[in-house]
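I opened the notebook on this chain with a plain aim. I wanted to look up a helix and a sheet, and write down what each shows.

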Amino acid sequence: MFAAERRQLILEMVRANGAVSLRELARVVQTSEVTVRRDVRALEAEGLLDRRHGGAVLPGGFTRESGFPQKSHLSTAEKTAIADLAAGLVGEGEAIVVGAGTTTQELARRLARVPGLTVVTNSLLVAQALAHANRVEVVMTGGTLRGSNYALVGSGAEQSLQGLRVSRAFLSGSGLTAERGLSTSNMLSASVDRALVQAAAEVVVLADHTKLGSDTMFQTVPTDLITRLVTDEPPVHDERAATELQALADQGVEITIAGPDAESSGPGEGIPPGRQARRDMPLPGQRRTQGGGSGGLGPQLRSAAALADQGPGDRARVADLRRR
């Protein structure tokens, strides 16, 4: 493929999706990330797109939201790895809330195996993924259907969450920065996500590395309310994503990163084929909970080693990256 053809295809992908990772662009145009990065730099010089943390976005600073058909084909391997690790945080008999998104849909598919689980969601896709799980109870909010992401939004959804209290909220979004936290480009979706956060003692954000540093219009979860971020390993060259992760950790967010398959740490403790290893940047101090203090329903944050011992679904090697 000639350079002009590659760049035209790259431009079409960014216009269709709003934001695309370099990894995904390289896969589609069948070339290296180094070549794609050169193409993206050339297109940025012409004012046709903006480079952003290991990817490319529409020009103008704020990324717009892609529709579900586009998002479902982006960063699929990363979303799978993130969902695998996030599912290991959920124990038998818990009550949780799961927001809308393609990554949370992947999580829901794995939660179908957790006995005694109660899942509250405003996502038709999450509910569908759990529809045939006979040991999981699904509670759906009310609201108006937003067709672009198959989510229930509006005052009906928000009112149905009043008075609810669960252990954790699992949320995704369009962008994540240390300065503003999690954000999305749709006002109605943001409002429901904020209601989901208010119902939970802990907030777990699921976001692949392409969302790190991206900022969109409506804040959903400020950084000081994010308990944990589950993400994938950024590319080696993506120093800005690594910087953003460190900035989040400096503000008290625990970072769990999906990495390459780990070797077995002992008899019976290896990661099954296809599973992802994890490494944590653990929180050194105690975080305040949604209840406003260290007591009440807000559970204490545990060490990375304690999380690894939760059960067979979470027996991955954990390496503590101590902050300088």
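I began with burial in helix 10, where A241, E244, L245, L248 and A249 are buried (under 20% relative accessible area, 1.4 Å probe, protein chains only). I noted that the model is predicted, so local features need pLDDT of at least 70, side-chain atom pairs count only at pLDDT 80 or more, and totals for chains, interfaces and linings use all residues. Residues are numbered from 1 along each chain as its sequence is written, and side-chain values use heavy atoms, without hydrogens and water.

Why do the buried residues lie on the same side of helix 10? They cover an arc of only 140° around the axis, taken from the directions from the helix axis to the C-beta atoms. On the other side I found E239 and T243 exposed (over 50%).

Next I checked the length of helix 10, a DSSP run of H or I with at least four residues. Its 12 residues, 239-250, reach 16 Å from first C-alpha to last, close to the 16 Å expected (1.5 Å times one less than the number of residues). G252 follows helix 10 with a positive phi, near 100°.

Then I turned to the sheet. It is open, with three strands (DSSP runs of E, at least two residues). Their order is 1-3-2, and the pairing is antiparallel; a pair needs at least two DSSP bridges. Strand 1 (19-21) and strand 2 (50-51) are the edges. Helix 2 (residues 22-29) packs on the sheet and touches strand 1 and strand 3 (heavy atoms within 4.5 Å). Its direction makes about 80° with that of strand 1, using N-to-C lines fitted to C-alpha atoms, over the stretch in contact for the helix, on a scale from 0 to 180 degrees.
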